[in-house]
Amino acid sequence: MTYHLRQALLAMRGNLTATLATLTTMTLTLVMLGAVLLLTLNVNRTLEQLESQVEVAAFLDAGADGASLLARVRALPQVREARLVPREQVLAEMTRDYPYARDAAELAGNPFPDTLRLRVSRVEDSRTVAAAVSTLAGVEDVEYGAGYVDQTVRTLTAVRAAGYALVGLLLLGTLFNILNAVRVAMYSRRNEISVMRLLGATRGFIRMPHVIEGVLLGVAASALALALLAPSYLALAQRAAVFAPVFPVVRDLPTLLPILAGVAMLGILIGLAGSLLATRRYLRELE
């Protein structure tokens, strides 16, 4: 093992430019991957908070059977919670926010109808539930903040999809960089490899230094990525909590550590997989 490790270090030093290029690409890829994962974590947390606040309101016709409609909307699979609010309670709630509403009601009568208030399992279901409830007999109108909810969902979904696409491209580019780095290293040692093959060296013996090289690159890139990512994220999260407290930014270490550990493990696995693929392919070419 000492021989293979020494050969791997010699190969990395002999191809310093390719090694640094691969290390830089892997580090940037892991930083981007970690950033996207942390962004996705916060997007999901924001969506959960949004889901807990989004409410679909169905305004009933006068004389509508509220109890029957309540049972029907509760049967919808997307509905997490539903309740019937009598018109008197709606007036009382409006009076708390707008005191003149009580005076207006005393003059012209209570203008508010009985209302069904629904909470959905996912914020994306708001439109579906609103459309289904609006078709029920006895429902006059449905309100769920379409402009706000739909725009928010589209934006968060687009951010998440763009992040995943970017990470996929970066991982693919990193894999090709590792393949190229190992290929250069093996071609530079092709005469030595030919002699080793003539002397009876096995493929595993020849491949081992290059596999170690890939793992070392993965370990180094993971360490650098975490050294850049973790302090930067915590500092940014602290600022976001001060300047935008409405967003539930994740800062607790028990939640963050599995993601950071996953990024580190992925870096090592990329290095290992890239070196295994490259040595198997290019060793066959050299033979």
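**Salt bridges, surface patches and annotated spans**

In the predicted model, Glu93 forms a salt bridge with Arg117, and the closest N and O atoms of this pair are 2.8 Å apart. Glu93 belongs to helix H4 (residues 87-97) and Arg117 to strand S3, so the contact ties together parts that are 24 residues apart in sequence. Both partners fall below the cut-off for burial, which is a relative accessible area under 20%. Glu93 is buried, with a relative accessible area of 17%, and Arg117 is buried as well, with a value of 16%.

A search of the whole structure gives two salt bridges. Another salt bridge joins Arg119 to Glu55, with 3.8 Å between the closest N and O atoms. Arg119 is part of strand S3 (residues 115-120), whereas Glu55 sits in the loop between helix H2 (16-53) and strand S1 (56-60); the pair therefore ties together parts that are 64 residues apart in sequence. Arg119 counts as partly exposed, at 22% relative accessibility. Glu55 is likewise partly exposed, its relative accessible area being 27%.

The residues of these pairs can be placed against the annotation of the chain. In the UniProt record, an unreviewed entry, the annotation "domain: FtsX extracellular" covers residues 54-142. Over residues 54-142, helix accounts for 43% and strand for 25%, and the end C-alpha atoms lie 13 Å apart. A negative patch on the surface is formed by Asp61, Glu140, Asp141 and Glu143. Of these residues, Glu140 is found in strand S4, which spans residues 139-143. The relative accessible area of Glu140 is 56%, so this residue is classed as exposed, the cut-off for that class being over 50%.

The same unreviewed UniProt entry lists residues 20-41, 161-182, 215-236 and 256-278 under "transmembrane region". Two of these spans were examined for their secondary structure. Residues 215-236 are 100% helix and 0% strand, with 31 Å between the end C-alpha atoms. Residues 256-278 are also 100% helix and 0% strand, and their end C-alpha atoms lie 33 Å apart.

A nonpolar patch on the surface is made up of Leu234, Leu253 and Leu257, which together have about 270 Å² of accessible area. Leu234 is located in helix H9, covering residues 203-243. With a relative accessibility of 36%, Leu234 counts as partly exposed. Helix H10 covers residues 253-286 and contains Thr255. Thr255 is partly exposed, at 23% relative accessibility.

Distances between C-alpha atoms relate further parts of the chain to one another. Ala35 is placed in helix H2 and is partly exposed, with a relative accessible area of 34%. Between Ala35 and Leu260 there are 9.9 Å from C-alpha to C-alpha, although these residues are 225 residues apart along the chain. For Thr255 and Val133, the separation is 122 residues in sequence and 38 Å in space, C-alpha to C-alpha. Ser194 lies in helix H8, residues 190-198, and counts as partly exposed at 38% relative accessibility. The C-alpha atoms of Ser194 and Phe112 are separated by 89 Å, with the two residues 82 residues apart along the chain.

Methods: Residues are numbered from 1 along each chain as its sequence is written. This is a predicted model: local features need pLDDT of at least 70, side-chain atom pairs count only at pLDDT 80 or more; totals for chains, interfaces and linings use all residues. Side-chain values use heavy atoms; hydrogens and water are left out. UniProt positions are given in the numbering used here, feature names are shortened, and annotations may be inferred rather than shown by experiment. Helices (H or I, at least four residues) and strands (E, at least two) are DSSP runs, numbered from the N terminus. Patches are made of residues with over 30% relative accessible area and no salt bridge: like charges are joined within 9 Å, nonpolar side chains (Val, Leu, Ile, Met, Phe, Trp, Tyr) within 5 Å. Accessible areas come from the Shrake-Rupley method with a 1.4 Å probe; for residues, only the protein chains shown count as cover. A salt bridge is a side-chain nitrogen of Lys or Arg within 4 Å of a carboxyl oxygen of Asp or Glu. Lys and Arg count as positive and Asp and Glu as negative; His and the chain ends are not counted. The place of a charge is taken as NZ of Lys, CZ of Arg, CG of Asp or CD of Glu. Buried means under 20% relative accessible area, exposed over 50%, partly exposed in between (1.4 Å probe, protein chains only).
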